[in-house]
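Open the model in your viewer and keep the selection tool at hand. The stops below say what to select next and what is there.

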Amino acid sequence: MTATLRRMERDGLIARRADPADGRSTLVALSARGRALVPAVVRATEEVNAMALAPLSAEEREHYLGTLAKIIAALSADGP
């Protein structure tokens with residue numbers, strides 16, 4: 001994660017600043033350039049998802065996405 005954030009900062013996609021509430025922490029936010037790229041990233045993501053799911057029937061997509069949601073919930077801080 002550190003390397004990814006470092007590259008994103010190098011590319012001008014994020015900005016870091018000290019957390020005023022906790023000097024040990026750093027706040028990370030999208031820069032103006034990063035925010036400007038969000039629509040293109042969303043479109044690209046949707047296109048790749050459509051290609052990946054195209055071979056599946058509607059029932060298979062529903063099952064896959066439901067299973068994926070359960071996996072994500074299990075790995076999240078809040079759990080299922």
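In which helix is L68 found? Select residues 58-75: this is helix α3, and L68 is in it. Helices here are DSSP runs (H or I, at least four residues), as strands are (E, at least two), numbered from the N terminus.

Before going further, note that this is a predicted model, in which local features need pLDDT of at least 70, side-chain atom pairs count only at pLDDT 80 or more, and totals for chains, interfaces and linings use all residues. Residues are numbered from 1 along each chain as its sequence is written, and side-chain values use heavy atoms, with hydrogens and water left out.

**Stop 1: helix α3**

Stay on L68. Its relative accessibility is 30%, so L68 counts as partly exposed. The classes are buried (under 20% relative accessible area), exposed (over 50%) and partly exposed in between, with a 1.4 Å probe and protein chains only. Accessible areas come from the Shrake-Rupley method with a 1.4 Å probe, and for residues only the protein chains shown count as cover.

Now add Y64, L65, I71, I72 and L75 to L68: together they make a nonpolar surface patch of about 580 Å². Patches are made of residues with over 30% relative accessible area and no salt bridge; nonpolar side chains (Val, Leu, Ile, Met, Phe, Trp, Tyr) are joined within 5 Å, and like charges within 9 Å. An α-helix has 3.6 residues a turn, so residues three or four places apart point the same way.

Next select R61, also in helix α3. Its relative accessible area is 29%, which means R61 is partly exposed. What does R61 touch, leaving aside its neighbours within four places in sequence? Show L53, A54 and L56, with which R61 is in contact (heavy atoms within 4.5 Å).

**Stop 2: helix α2**

Select residues 32-53, helix α2. How far apart are the end C-alpha atoms of α2? They are 32 Å apart, which agrees with the 32 Å expected for 22 residues at 1.5 Å a residue; the expected span is 1.5 Å times one less than the number of residues.

Centre on V38, where α2 bends by about 40 degrees. The bend is the angle between axes fitted to the seven residues ending there and the seven starting there. A proline, P39, follows within four residues.

A40 is in α2 too. At 38% relative accessibility, A40 counts as partly exposed. Draw a C-alpha to C-alpha distance from A40 to G12: these residues are 28 apart in sequence and 16 Å apart in space.

**Stop 3: the salt bridges**

How many salt bridges does a search of the whole structure find? It finds three, each a side-chain nitrogen of Lys or Arg within 4 Å of a carboxyl oxygen of Asp or Glu.

- E9 with R16: the closest N and O atoms are 3.0 Å apart. E9 is partly exposed at 35%, and R16 is partly exposed at 35%.
- D11 with R10: the closest N and O atoms are 3.0 Å apart. D11 is partly exposed at 34%, whereas R10 is exposed at 62%.
- R24 with D22: 3.0 Å, N to O. R24 is exposed at 76%, whereas D22 is partly exposed at 21%.

**Stop 4: the start of the chain**

Finish at M1, in the segment before α1 (2-10). At 75% relative accessibility, M1 counts as exposed.
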